[in-house]
Amino acid sequence: MDVWAYDLAESLLSDDLPRRWAHSKGVAGRARSLAPILGPDAELLEAAAVLHDIGYSPHIADSGFHPLDGARFLRNTERVDERIVRLVAHHSCALLEAEERGLREELASEFPLEEPRLVDALIYCDMTTTPDGAPTTTPARISEIVGRYGPDSIVGRFIRRAEPEIHAAAERVEGRMSQVGVER
């Protein structure tokens, strides 16, 4: 476990955004559970998982798009491993939301995509964790997001566009876990 990542995420989220901190800890727990299929990348994914939402922190929010703000902070201020930065930048189909916000080119040109199996794993972890950090299913999580933001909001439109890929990523991760004998 990368203690530095937990400490950094806690410092940015726990006071101002305690529910977001609870979610981030839950996502990191999900990432830890995927260690059997991640091999040497298990700690890297756990670090990205606990850090994925730091861009919501009022201390670092700049563009208003949390994947971009979080990744820039990790790259420019913290000098974090570029693979973690790329995972944070692109977590949970961020390119689709960036498109809704007119930031797709900016995100894509600044941060290349990370390895697909790790991208899938972070989508799975984020989209099977409730805002309070408890386990859930991808359909329930998507429904919760649409309900919280509204179907016609930027986030509501984006998440419905991303829904097929979110479900497919979860199925791929669950398939890999089944292949190694771990049932979800």
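This is a short talk on the pocket and the cavities in one structure, and on a helix pair that helps line them.

Hi everyone, thanks for coming. One thing up front: this is a predicted model.

Let's start with the open space. The largest pocket holds about 220 Å³. Its lining has 13 residues, and Cys93, Leu113, Val119, Ile123 and Glu165 sit closest to the centre. Which helices build that lining? At least two residues each come from α7, which spans 94-100, α9, which spans 116-127, and α11, which spans 154-179. The largest share belongs to α9, with four residues. If you are thinking about the chemistry of the pocket, the lining counts eight nonpolar residues, one polar and four charged.

Now, how do α9 and α11 sit against each other? In general, a packed pair of helices is described by the distance between the axes and the angle between them. Here the axes of α9 and α11 come within 8 Å and cross at roughly 105°. So α9 is roughly perpendicular to α11. By class, their contact has nine nonpolar residues, six charged ones and no polar ones. On the α9 side, the residues in contact are Arg117, Asp120, Ala121, Ile123, Tyr124 and Met127. From α11, their partners include Ile159, Glu165, Ile166 and Ala169. You may recognise two of those names: Ile123 and Glu165 are also among the residues closest to the pocket centre.

Let's move on to the enclosed space. How many cavities of 30 Å³ or more does the structure hold? There are two.

The largest cavity has a volume of about 200 Å³. It is lined by 19 residues, and the ones nearest its centre are Tyr56, His66, Glu97, Met127 and Ile145. Two or more lining residues come from each of α5 (66-76), α7, α9, α10 (138-149) and α11. This time α10 gives the largest share, four residues. The lining splits into 10 nonpolar, three polar and six charged residues. Met127 is worth a second look, since that α9 residue also takes part in the contact with α11.

The second largest cavity is about 30 Å³. Its lining is made of Arg86, Leu87, His90, His91, Glu114, Val119 and Leu122, with α6 (82-89) and α9 each giving two or more residues. By class, that is three nonpolar, two polar and two charged. Val119 turned up earlier too, close to the centre of the largest pocket.

That's my tour, and I'm happy to go back to any part of it.

Notes
Residues are numbered from 1 along each chain as its sequence is written. This is a predicted model: local features need pLDDT of at least 70, side-chain atom pairs count only at pLDDT 80 or more; totals for chains, interfaces and linings use all residues. Side-chain values use heavy atoms; hydrogens and water are left out. On a 1 Å grid over the protein atoms alone, a cavity is a set of points where a 1.4 Å probe fits but cannot get out, and a pocket is an open set with protein on both sides within 12 Å along at least five of seven lines; lining residues have an atom within 4 Å of a point. Grid points are joined across faces, edges and corners, and a volume is the space filled by probe spheres set on the points. Ala, Val, Leu, Ile, Met, Phe, Trp, Tyr, Cys and Pro count as nonpolar, Asp, Glu, Lys and Arg as charged, and the others, Gly among them, as polar. Axes are lines fitted to C-alpha atoms, for helices over the stretch in contact, and angles run from 0 to 180 degrees between N-to-C directions. Angles under 35 degrees count as roughly parallel, over 145 as roughly antiparallel, 65 to 115 as roughly perpendicular and the rest as oblique. Contact means heavy atoms within 4.5 Å.
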